[in-house]
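Thank you for making time this morning. I would like to walk you through one protein model, beginning with a term we will need and then going from the overall layout to a few individual residues.

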Amino acid sequence: MRLPGTTETPEGQMALDVAAEALTQINVQWLQLHPDTPPLYESGVYYSLDSDTQKPWLSLPELYAAGRGDCEDIAIARAAELRVKGIDARACTMRWDHAWHASQEGKWKIHWVVCLPDGTQEDPASKLSKGPPAPPGRRERLGALALGVLAVSSLVAWKRGSVTP
């Protein structure tokens, strides 16, 4: 789904909200037809910032196939997942003052989260922002490298006298 909308005007924000709701409903129906779909947080999908504001939004099967999505893709998928569980969640935007999201100069920066019925928000992008999992065996090599660096740093500090044995 590609939207020309913007949050700069009430009409633009309304268009984004309606589109997010429509895609949430599509995802709910897909989940109902595919109850064996793994939960989002266990799916292997990760958050990936996409500065292309004209990028099509991904449906749940497209998101899972891609293995990554940006904040609106992930928030809409999570809202659908919660609705299937009986929780009246919706994807919603929040405005940010910080440059966490890429934007054009002078434009509002928005971030999609999940609004819950109790008034709280869940940020699935932050929960999935770790990046893709390391290939098998790489974790162990990285762990060994980190221990090696720590050992060398400790030895250097001890030789300088800043650490006692």
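When I speak of a strand or a helix, I mean a DSSP run, of at least two residues for a strand and at least four for a helix, numbered from the N terminus. In that sense M94 lies in strand β3, and with a relative accessibility of 26% this methionine counts as partly exposed, because the buried class ends at 20%. M94 also sits 5.4 Å from H111, C-alpha to C-alpha, although the two are 17 residues apart in sequence.

Before going further, I should say clearly that this is a predicted model. The average pLDDT of the protein is 76, and 61% of the residues score at least 70. Confidence is highest in helix α3, residues 71–84, with a mean of 96, and lowest in helix α5, residues 138–160, where the mean is 47. Two stretches fall below a pLDDT of 50: residues 98–106, which have 15 contacts in the model beyond near neighbours in sequence, and residues 133–152, which have two such contacts. Where pLDDT is low, the predicted coordinates should not be read in detail.

Now to the layout. The protein has five helices and five strands, and along the sequence they follow the pattern α-β-α-β-α-β-β-β-α-α. Of its 165 residues, 35% count as buried. If we take the contacts with a separation of 6 or more, 53% of them are between residues 24 or more positions apart. The exposed surface comes to about 10,200 Å², of which carbon and sulfur atoms supply 58%.

What does the interior look like, and which residues have the most contacts inside the largest nonpolar core? That core has 28 residues, and the ones with the most contacts inside it are W57, L63 and W112. Two or more residues each come from α1, α2, α3 and β4, and α3 gives the most, with eight residues. As a general remark, nonpolar side chains in soluble globular proteins tend to be buried together.

Two of those residues deserve a closer look. W57 and W112 are both buried, and they form the one aromatic pair in the structure. The pair is edge-to-face, at 5.5 Å centre to centre and with 75 degrees between the planes. W57 belongs to the loop between β1 and α2, whereas W112 is in strand β4, so that the pair, 55 residues apart, links distant parts of the chain. Setting aside neighbours within four places in sequence, W112 is in contact with residues including L16, A20, W57, C71, C92 and D123.

Two of those contacts are cysteines, which brings me to the sulfur chemistry. C71 is buried, with a relative accessible area of 3%. C92 is joined to C115 by a disulfide, with the sulfurs 1.8 Å apart, and the structure holds one disulfide. How far apart in sequence are the two partners? C92 is in strand β3 and C115 in strand β4, 23 residues apart, and the pair links distant parts of the chain. The torsion about the S-S bond is about 80 degrees, and therefore the disulfide is right-handed. Both partners count as buried, because their relative accessibilities, 5% for C92 and 12% for C115, fall under the 20% limit.

Note on methods: Residues numbered from 1 in each chain as written. Heavy atoms only, no water. pLDDT = per-residue confidence, 0-100. Contact = heavy atoms within 4.5 Å. Core = buried A, V, L, I, M, F, W, Y, C linked by side-chain atoms within 4.5 Å. Buried < 20%, exposed > 50% of the residue type's maximum accessible area, 1.4 Å probe, protein only. Disulfide = S-S within 2.5 Å. Areas by Shrake-Rupley, 256 points an atom, 1.4 Å probe, with all protein chains shown as cover. Phe/Tyr/Trp six-rings, centres within 6.5 Å; stacked < 30°, edge-to-face > 60°.
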